[in-house]
Amino acid sequence: MSRNGPMDVKEKVYVGNLSRNASKEELERVFEYYGPLRHVWVARNPPGFAFIEYEDPRDAEDAVRELDGRTVCGVRARVELSHGRSREKPWASRRTGSGSGSSRRRSSRRRSRSRSRGKRSYSRSRSR
């Protein structure tokens, strides 16, 4: 089975709110109860989250249903199915060519408008 195939998203579980000292071994021990694991990856920089990949998507769903909000690695963890956006970096799209300048200009205009509105309402309230 391909690691980059469309089924990977359904089989991958995001685990968030982990402590800095969460270990791969402890996560494997907790999550393998729900089915055979394909891969476990723990973030180190920045710490606090991990991805658990199952061989069967039904096992991933069972783990999410049972473990979300439960104590994992000593903390109350957030456990949910991965959305498949892990490889997309938000800053990468801004640096590439097509359409990036217009989105950047739009967002800066939005920010400047809201700042000016805030200043106007502040000056109005002071004059009253």
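**Exercise 1. Locate Pro 46 and describe the peptide bond that leads to it.**

Step 1. Pro 46 sits in the loop between β2 and β3. Strands are DSSP runs of E with at least two residues, helices are runs of H or I with at least four residues, and both are numbered from the N terminus.

Step 2. The peptide bond from Asn 45 to Pro 46 is cis, with omega near 0 degrees.

Step 3. The connection from β2 to β3 is a hairpin through two residues.

Before going on, note the origin of the model. The structure is predicted: local features need pLDDT of at least 70, side-chain atom pairs count only at pLDDT 80 or more, and totals for chains, interfaces and linings use all residues. Residues are numbered from 1 along each chain as its sequence is written, and side-chain values use heavy atoms, with hydrogens and water left out.

**Exercise 2. List the elements of the protein chain in order.**

Step 1. Count the elements: the protein chain has five helices and six strands.

Step 2. Read from the N terminus: the order is α-β-α-β-β-α-β-β-β-α-α.

**Exercise 3. Work out the strand order of the open sheet and name its edges.**

Step 1. Two strands pair if DSSP finds at least two bridges between them. β2 and β3 run antiparallel and are joined by six bridges. In this pair, Leu 37 has Tyr 54 of β3 as its bridge partner.

Step 2. Strand β1 (residues 12–16) and strand β3 (residues 47–54) are also antiparallel, with five bridges between them. Val 13 is the bridge partner of Ile 52 in β3, Tyr 14 stands opposite Phe 51, and Gly 16 stands opposite Phe 49.

Step 3. β1 pairs with β6 over four bridges, again in the antiparallel sense. Here the bridge partner of Tyr 14 is Glu 80 in β6.

Step 4. Put the pairs together: the four strands form an open sheet in the order β2-β3-β1-β6. The edge strands are β2 (37–44) and β6 (78–81), each of which pairs on one side only. From one strand to the next, the twist averages 15 degrees.

**Exercise 4. Explain why β1 and β3 are described as largely enclosed.**

Step 1. Use the cut-offs: buried means under 20% relative accessible area, exposed means over 50%, and partly exposed lies in between (1.4 Å probe, protein chains only).

Step 2. In β1, four of the five residues are buried, so this strand is largely enclosed by the rest of the structure.

Step 3. In β3, six of the eight residues are buried, so β3 is largely enclosed by the rest of the structure too.

Step 4. For the whole protein chain, buried residues make up 29% of the 128 residues.

**Exercise 5. Describe how α2 and α3 lie on the sheet.**

Step 1. Contact means heavy atoms within 4.5 Å. Axes are lines fitted to C-alpha atoms, for helices over the stretch in contact, and angles run from 0 to 180 degrees between N-to-C directions.

Step 2. Helix α2 (residues 24–31) lies across β1, β2, β3 and β6, and runs at about 140 degrees to β2.

Step 3. Helix α3 (residues 57–67) packs on the sheet and touches β1, β3 and β6. Its direction makes about 150 degrees with that of β6.

**Exercise 6. Identify the residues and elements of the largest nonpolar core.**

Step 1. A nonpolar core is a set of buried Ala, Val, Leu, Ile, Met, Phe, Trp, Tyr and Cys residues joined through side-chain atoms within 4.5 Å.

Step 2. The largest such core has 21 residues, of which Val 13, Val 15, Leu 18, Leu 27 and Phe 31 touch the most other members.

Step 3. Two or more residues each come from β1, α2, β2, β3 and α3. The largest share, four residues, is that of α3.

Step 4. Leaving out residues up to four places away in sequence, Leu 18 touches several residues, including Leu 27, Phe 49, Val 72 and Cys 73.

**Exercise 7. Find the places of two non-glycine residues with positive phi.**

Step 1. Asn 17 has a positive phi of about 65 degrees, and this residue is in the loop between β1 and α2.

Step 2. Cys 73 has a phi near 55 degrees, and its place is the loop between β4 (71–72) and β5 (75–76).

Step 3. Decide whether Cys 73 is buried or exposed. At 12% relative accessibility, Cys 73 counts as buried.
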